[in-house]
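Here is a short tour for anyone meeting this structure for the first time. Have a look at it, then read on.

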Amino acid sequence: MLNQTSMFYKLFISIVLVFVVQLTVQGQTPGVVTIKGKVTEPDGSVIPGVTIVELNENNRQINAVMSDNDGNYSIKVSSNKNQLRFSYIGFETKTEIIAGRTVINISLKISNANQLDAIVISGKKEDEVQLGFGSTSKRDLIGAVTSIKADVLAGQPATSIDQMLQGRAAGVQIVNGSGDPGSGVDIRIRGAGSISAGNSPLYVIDGVPIISTPYEDTPNFDPNNSNFSSTAQSNPIADLNPNDIEQIDILKDANATAIYGARAANGVIIITTKRGKLGTTNIGFNTQLGLQESPRGIPVLDGPSYKVLRLEAEQNRNNINPNNSDLRPLVDDPTLANYQYFQNNTSWLSLIQQTGFSQNYNLSVNGGGETMRYSFSTSYTDRKGAFVNTGNERFTGRFNLDYRVSDKLRFGSNVSFARSKVNNYANYGYGSPYFNSLLRSPALPLYDVDVDGNILNSYAALPGFHAEMDNPVAQALLVTNDAFSTNLKPNVYAELDIIKGLKFRSNASLDFVGEKGFLFLPPEATGELFTHRNFNRLDTREFERMQLIVDNLLSYTKSLKNKSRLSFLLGNTFNKFNSGELRVFSNGTASDKLQVLNAAATIRQLKSLRQTETILSVFAKADFILNDKYGFNVIIRRDGSSKFGPGNQYANFPSAGAYWRISSEPFLKNAKFISDLKLRASWGQNGNSGIPNYAYISTYSSGDNYGGENGVSLRSPGLTNLRWETNETVNLGLDVSLFKNKLNISNEWYIRTTKDLLYRYTIPSSSGLETSDRSTSNPTVLGNLGNIQNKGFELDISYDAIRPKKAGGFRWNLAFNVGVNQNKVTSLPGGTITTSSGTYRNFVSQVKEGDPLGTYYGFVFKGVYSTDQSAAAKDKDGKVIYELDGITPKLMRINSETGDVYKGGDAIFEDFNHDGIINEQDRVKIGNANPDFFGGFSNSFDYKDFGVRFFIQFQYGNDIINGMRYELESMQFTLNAATSVLNRWRKQGDITNMPRALRNDGRNNVASTRWIEDGSYARLKYLTISYRLPKSILQTIKLRDVSMFLTGTNLITFTDYTGADPEIGLGSTPSFIGVDRGLTPQSRSYTLGINVKF
Amino acid sequence: MLNFKPMFLKNMNSINKIISYKHKLLFISLLTITLIFGSGCEKFLEQYPQDSLTEQQFFRTKEDANAAIISVYDQLQDCVDKFLVWGEVRADLTIPVTRKNDYTWPYELTYQTDLWASRWGDVYQVISGANIVILRVPPITQLDNRLTKSESDVILAEAHFLRALAYFYLVRTFGDVPLVLEAPSTDQINFNIPKSTAAVILSQIESDLNIAEASLPVQYDSNLKTRGRATKGAVNSLKADVFLWQGKYEQAAAETKKVIDNKALYELVIGANWFDIFSVKNTREGIFEIQFDALQRETNSLSNVAGAFLVNSSFSKLFEDSANPDKVRGLDATYNTATNGKIFWKPVGLSTADLRRAAGDANFIVYRLADVMLMRAEALSHLDDDAAKAEAVNLLNIVRTRANLPAYDINTISTDSNTLVDLILNERAMELSMEGKRWFDLVRIGKNGRPEVLIDKIVTSRLVSERALTRARVADPRSWYLPFHRDELAANPSLVQNPYYR
C-alpha cells in the first residue's frame, strides 16, 4: 500500500518541481524596477531578517521581501513613486522614497522607544526561548532550558527529532534503542525519577502536547505462548518530519515545566515548526541519499570447531554414551539418519546482512503577506536497514496557516499528517534473526537436504536436536512482521487582543495515532507442525489513540519604566484521551500464501479494549522583571485526573524562581569583558500519573469457569490511597557571557527528588490477590512509597573561537556540554524490590534503598581453577581449609554444603565469608549502569561557501551486562559460541580465564562480574562537509540557493566495550538498564544531501 | 465531558460578539472564569473501565452471587498440583525421575528458599475468594429478591467449606499459617498477617465446617454438581479428616458414619470397574471431586506432577509379591510400565490398557467412599471397644475384598490399635496412592504418638547411601512442615520462618 503511495508521491513531486521551475522562469517579467541594497546597523554589522515592504501612495502594501543572512535584499517595485519601509523588531522603522534609485543601503538604529521590551534588549530574535504557553527571551529566563536551533542540526541525517537531539543538551541522556530503521529512542532528562510511572518527557508541538510513547503493547497476552515476543512497533515521535522543525527547547527544571504540571515530571521537549514569514514565497526542495554499512558482527566458531566444543561440553557432564542422541550428531557417524544435516559450515550472519540504503525527499513552500502566512511541507522517506527485510517508510505532510482577521483578531491552524511503515524482525522462539544467526549451529545447512545429500528447495528447519534456534535466514525472509501507523494532528487557534497587552487565546487540537500490526509465521520459518499453535500463525492488531485538547489562555503584559516589565497568564486545559485496541491471534491458515483471517482454521484469541482518561487543569503564572536586573516568577497549576479516586483526584503543583543579573550591578560596570552574568534560582513541583487507567477502582472480571458455569472474581482491589507521584526540583543556574558574547557558559546545579513513588509493591500472597504469574511471583499492588533523588550538574559552553571580520570569512565555533547525574533511591519502605520484568538470564533487577536504579548484584569472578585440587576453600589469610581428617582439602561447593564441588575449569568466585560455599551470602554489588557523566562536543568551521562540522558524543563510567557475550561464551547449551572460547580450559593444568564447556550446568554462568564491562565510549557521531554554490552561479541558474553536504555517521567509536555497540537502549524497566540483549547494533552510514531553494 | 464541544463552540461564537463589546476585559475575564470553574468538571473526571466490572456494578443479582462462588471453585482447580505434591511426594511411595525440578524438590530433605511447592498463593486465593463471598453475597438478598435467604445460605456454606478445605491443606503442610478472614477488596486492610498456631487454624476450620454443614444440601440436581460441589457428605468427610488429624477419634467416627450410612448416594464401585473412579470420574463412590473437563478448557497438570515420579519398588511389591497379588488396583491401574520404570497411571490413563488422556483433565478426588471407610476404620481402631474394632476390620475387609484380596480374620489377627492402624495404613497406600493422601497419613500417625512409623517408612524408602542423613533430618518433627517461601517472608515482615528452617 505504501509502495503505491510512494510512487504517486514521486510523481507528485516531479510535477510540482516542473511547475515551480516554470513559475520561476515566468516570474522574470521585464519592465519592473528591481531595487537592491543592504541593511546594516550603524556600526556596519549586517541585520538579517529585516522586512522590506513596498508601499503605494495610499500606504497600502504592494510587495514585501526580507533581508538575507548577509543583510542583502532585492525587491521588485512597480513604481518609482512608491516607498520602501524597513522594519525589524527591536529597531527603529525607516521609510524611504524610492525616487528613481536602484540601490538603497540603509542603516537601522536600535529602537529607544521600545527598549523596555525584553526582546529589544536581547536584540536577536533567535534568542527567543519557547516555554509552555508563551515564549521569553533567553535573557529573562529563570528555569533551566536548552534551546537548539534547526540550523545547528542541518546536515545531520537523523530521521527522527529525538535522534537529532542526542548529545546536544547537557543532562539529557538520549539512547538509540537499536540500529533498526524506525526503532525508538530512550530519553531521560536529569535521570530516572520513577520506577513504574514512566520516565519519558512530554513532547509539545506548536503548543500542543502530543502522544509520544509507543502503544503499551502486551505481546505475550497469549498465555500459552510465552516464548514469543517483539512484534514490530511504531514510534509516534518518529512520524514527525525533522525538516519541519524550526527550534527545539528542552525544559529541564520544575520552574520551566511547572506550567505543564502533572504531565511534566520528566521534563518537556517543545518543538516549534516552521511558519510562513512575511515576504515572497520560499520554495525549498531537499533530498538525502544514504548508505549504511552492515553492523559489526561477532566472530563465531565454524562447523568443525563447534562440534569439538559441543563434544567437550557433553563429556564434561559425563555423557560418554555413544548412543546418546545428543552425542551422535557430533561424531562422524554416517549411519545416523540425519547425518548430512550436521556436516555443514554455514555462516549465518553473512546471509542476512546487506548494505542499508535510505532516501529522503522533502518539499516545502512558505511565505505570506501581512494578513496571511503559510507554510506547507511534504516529505517521503524510505530506509532499508542493514539486515534483509528490515526497513521503514514514511510519508508526511504539514500545513501551518496564520490569518490576521483584523489588527485585533488572528486565527491559525496547524495540520500534520504522517503515514509510516516499520518492518522488523520477530523474536520467534529464541530470538531475532540477528541473534539467531550468531547462535545457531554452523554445522546445520541453510537449505533442507534429502537422504542422498541433495539440496532441496526449502529452508532447513529441524525438529528435535539443534532446534532451539530457528533458521535465521528463513525467519528473516519469510516471517512478516510489520507495523503501520497513521498520525493526524489538526489544531486550530484564535487569538484576540482585547486591550493593549491583554490577549486571549483559545486553542483546540486533536491528536490521532493509529497503529496496525501484522505478523505471519509460515511453518518453513518456524519448523512447527500443523498441530502446533504457531503453524501458519497470523496475528493482527489495531490500536487507536486519540487526544482532544482545548486550551484557553488569558495573558497580560505591561511594560513599565526603567526596563521593568510585568506579565500575567491565566489558563485552563481540558484533555481527553481515548484509546482502543483490537487483536486477533489465529493459526492454521489454509496455506502460507493465504495470509488473511478468514483462511485461519482457529481463532486462538480475540481481544478488544477501550479506555478513556481525562485531565482537567487550571494554571496561572506571574512574571516580574525589575530594571532588567532582577526577575521573579510564580507559577501554580492545579490538575485533576481520572486516574485517581475520590479525595486524591486533584493536586497542586507550585513553582517559584528568581534571577539576578550581577553584570548590571554598578560594581561590574567596568568589567567590560563581561557581557552578561546572571544567577538563577528556582524551586518547583511536578506530578507524574503514568499508571494504568482505572487502577484505583476495585474490579472484577469473568473467565473463571468451573463445571460448565461462569465465574467472576476479583481482579484488583480498590486503591483508596493511590495518589500522584510528586517530583520536586531545586535548580541553581549561572549564565556567563564574555568578550562580546564570544564565549557563553551556562551552568546548572539541581536536586530532583521524586516523592510518593508510584510502584507496584509486593504484598504477601496470603492476601489471596491475583498475580500475573502465580507460580513464580507474589501479588503486587500499586501504591505510593519511597523516594528517589537525582542530583547533578550541567555545563554548556559555546565559544566562537574565530569570528569573521566580514561575511564569508573564516568562522570557527565550538560547543561542549557535559552532564553529571547521580541517581539514588533515598527511601524504600519494604526493603528490596526485585522486578520480575527486569531479568536477563541469571541477572535480576534489584532496587535497594541507597543504591541507584540500575545496580547489579552478583558474584565476583576471579578466573578459572586450573586443576580439580586448586578448587579448595581458603580462609581469610588465603590458607587452604582442610576437612576434619586434616589431610583432604575442603573443596569449594555450589549453593550448600551438600552441593556439587567446583572442579578444574570452573569459574573462581570470591568466597567473601570463607565458608567454602558460593551462595547468596557471597553476592555483592558488582555494577552500576548509570554513567558518571555524558555529553557532546561539536565543532563547526565555515569559510566562504565551504563548511565542516563534526560532533562527538560521549558517555563515561557506566557498566553494561554484555548479554551477547553471555550467550556466546556460556557454552552451556547446544548453541554456537564466539571464537573467544577457543581459549577455554580443556585439561587439568590449563591456565586461562575462559571456563570449560559444560552442557546443562550453569555453574560458571551465574550473575557475576564475568559478564560486566565498562560501557564508556566516545563516538564521532557526525562529520559533515558542506558546500554552497556561490552567488554568481546561482544567478546564472536562476536559483536562490543550492547547497549540498556529505555526512558520515558513527564513523569512529572509542570504547573498551567488547560488544557490538556500547550504546544500549534503556528499555522499559528503569531499574534494569544497560543490558546488551543483542539488538541490531548501530553501524556506519554515509549520507549525501542536496538542498535547493527556488 | 458533556460540555466539551459546546463549550468550545460557544467560546468561538462569543469572540465575534466580544469584538464589538465595550467592556471586553470584564467579559473575557468572566468567560475565562466560567470555563475554569464551570459545571461538568467533576463528571468529566469520572471514568470507569469497560472491560471489567467495578465492585459497585457487581454483587447485585442472583447471577452475580453464583458467579462469585463459581470463581472460588475455579481457584480451587489451580491448587490441585500443590495438593498432590504436598500430600504425596515426600512420602515413601514415590521416587523422583529427575531430582531437581519444581515438583521433586520437596522430596529432597534440604530445601531451597524459593521452592515452588512452598508458594501458597493459589490456596490463599481460594480463601480470599471465599472471604469475598462471605462478605458480599448476603446483602444481595436485599437487592435482588430472586435470591432467597436459603439460596444465599447455600452459597455461603459452600464458601465456608472451601475456606475450611484450603486451610486444612495449609495447616497440614506448613503447621502454623496466617489466618486471613478479611476480604481483600481494598488496600486499606492489613496484608501483613502473622501466623496463627495450628490449633487456632483448626478450630476456625471446625467452626466453618459447622456453618457449612447446617445449610448445604445432601445432593444437587445433577450428578456432576453432587460430586463436584460442596455437599453435606463432603463436609462430613472433611470434618472426619480434621478430627482424625487432631486425634479426636470418636468425633471422626461419628462424621464418617453419616457418609457411609447414606447408601442411596454413596457406594463402592465394583472391583472390575475400579479404574472407572479415575477414568470415568464422578462415580457413585465420589464424594468431592475437583472437576476438570478438557472440552470446557479446564485442564490441570496432575499428569506432569505424577510423571515426575516413578513408583517406588517397595510400594509396587505390595501389589505383586504376595501370595495373592492385587490385580484390581496394581499393574495397569495404579501404575503402568514404561521404559524407565513404573509410572503412576491414575491421573494419566483413560483405560487400564495403554490409552492415555488426550488432555490433562483427570479429576482431583478430594474424598471418596473408600477413603472415608478407611478413615472410619482408623478412628474406630483407636477406640477401646471390641465392637468398634470389629467394625474397623470389617470396613478394612470391604475395601480389600473389592480388590479380590482375602479378608482379614478378626479372630486370627491382633486387635491391638497399632497393629490395626498399620494394616489400615497399608491398605490406604494401595487404595489411595497418588491421590495426595500418603504423606498426610504418615504425619497424622506420626504426630498422634507414633513418629517412628513415619521415620521408618521414609528412611527405608530412600537409597541406602541417603538413609543416615534422611533419618537425622526426618527425626525432627519440625521438618515435617514446609518452609515459607523467601518471597513471602520478604513481602510480609510479620511472618516468621518455620523453626526448622530458621
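Which residues of H5(B) are buried?

## A covered helix in chain B

Keep in mind that this is a predicted model. The buried residues in H5(B) are B:Val80, B:Asp81, B:Lys82, B:Phe83, B:Leu84, B:Val85, B:Trp86, B:Gly87 and B:Glu88. Helix H5 of chain B runs over residues 80–88, and with 9 of its 9 residues buried, the helix counts as mostly covered.

## Where the two chains meet

Now for the interface. On the chain B side, 74 residues are in contact with 72 residues of chain A. Between them the two chains bury about 6600 Å², and 61% of that lies on carbon and sulfur atoms.

There are polar links here too: 22 residue pairs are in polar contact between chain B and chain A, with both residues at pLDDT 80 or more. Sorting the residues on the side of chain B that touches chain A gives 36 nonpolar, 22 polar and 16 charged. As for salt bridges, the rule finds 1 across this interface. That link joins the side chains of B:Arg229 and A:Glu709, at 3.2 Å from N to O.

## A sheet shared by both chains

The chains also build a sheet together. It is an open sheet of 3 strands in the order S33(A)-S32(A)-S1(B), and the pairing is antiparallel. Strand S33 (709–716) of chain A and S1 of chain B stand at the edges with a single partner strand each, so one side of each has no neighbour in the sheet.

How is the sheet held across the chains? Strand S32 of chain A (residues 699–706) and strand S1 of chain B (residues 53–54) run antiparallel and are joined by 2 bridges. Here A:Thr699 stands opposite B:Thr54. Within chain A, S32(A) and S33(A) pair over 7 bridges, again in the antiparallel sense. There, A:Tyr706 has A:Glu709 in S33(A) as its bridge partner, and A:Glu709 is also the residue whose side chain meets B:Arg229 in the salt bridge.

## A mixed sheet in chain A

Chain A has an open sheet of 5 strands as well, in the order S10-S15-S16-S13-S14, with mixed pairing. Its edge strands are S10 (145–149) and S14 (208–209), each pairing on one side only.

Further in, strand S13 (residues 202–205) runs parallel to strand S16 (residues 268–273), and 4 bridges join the two. One pair to look for is A:Tyr203 with its bridge partner A:Ile269 in S16(A).

Definitions and conventions:
Residues numbered from 1 in each chain as written. Chains lettered and ligands numbered in written order. Predicted model: local features only at pLDDT ≥ 70, side-chain atom pairs only at ≥ 80, totals over all residues. Heavy atoms only, no water. Contact = heavy atoms within 4.5 Å. Buried area = accessible area lost by both parts, 1.4 Å probe. Salt bridge = Lys/Arg side-chain N within 4 Å of Asp/Glu carboxyl O. Polar contact = N/O pair within 3.5 Å; in protein donor to acceptor, adjacent residues only side chain to side chain. Nonpolar A, V, L, I, M, F, W, Y, C, P; charged D, E, K, R; others polar. Pairing = 2+ DSSP bridges. Buried < 20%, exposed > 50% of the residue type's maximum accessible area, 1.4 Å probe, protein only.
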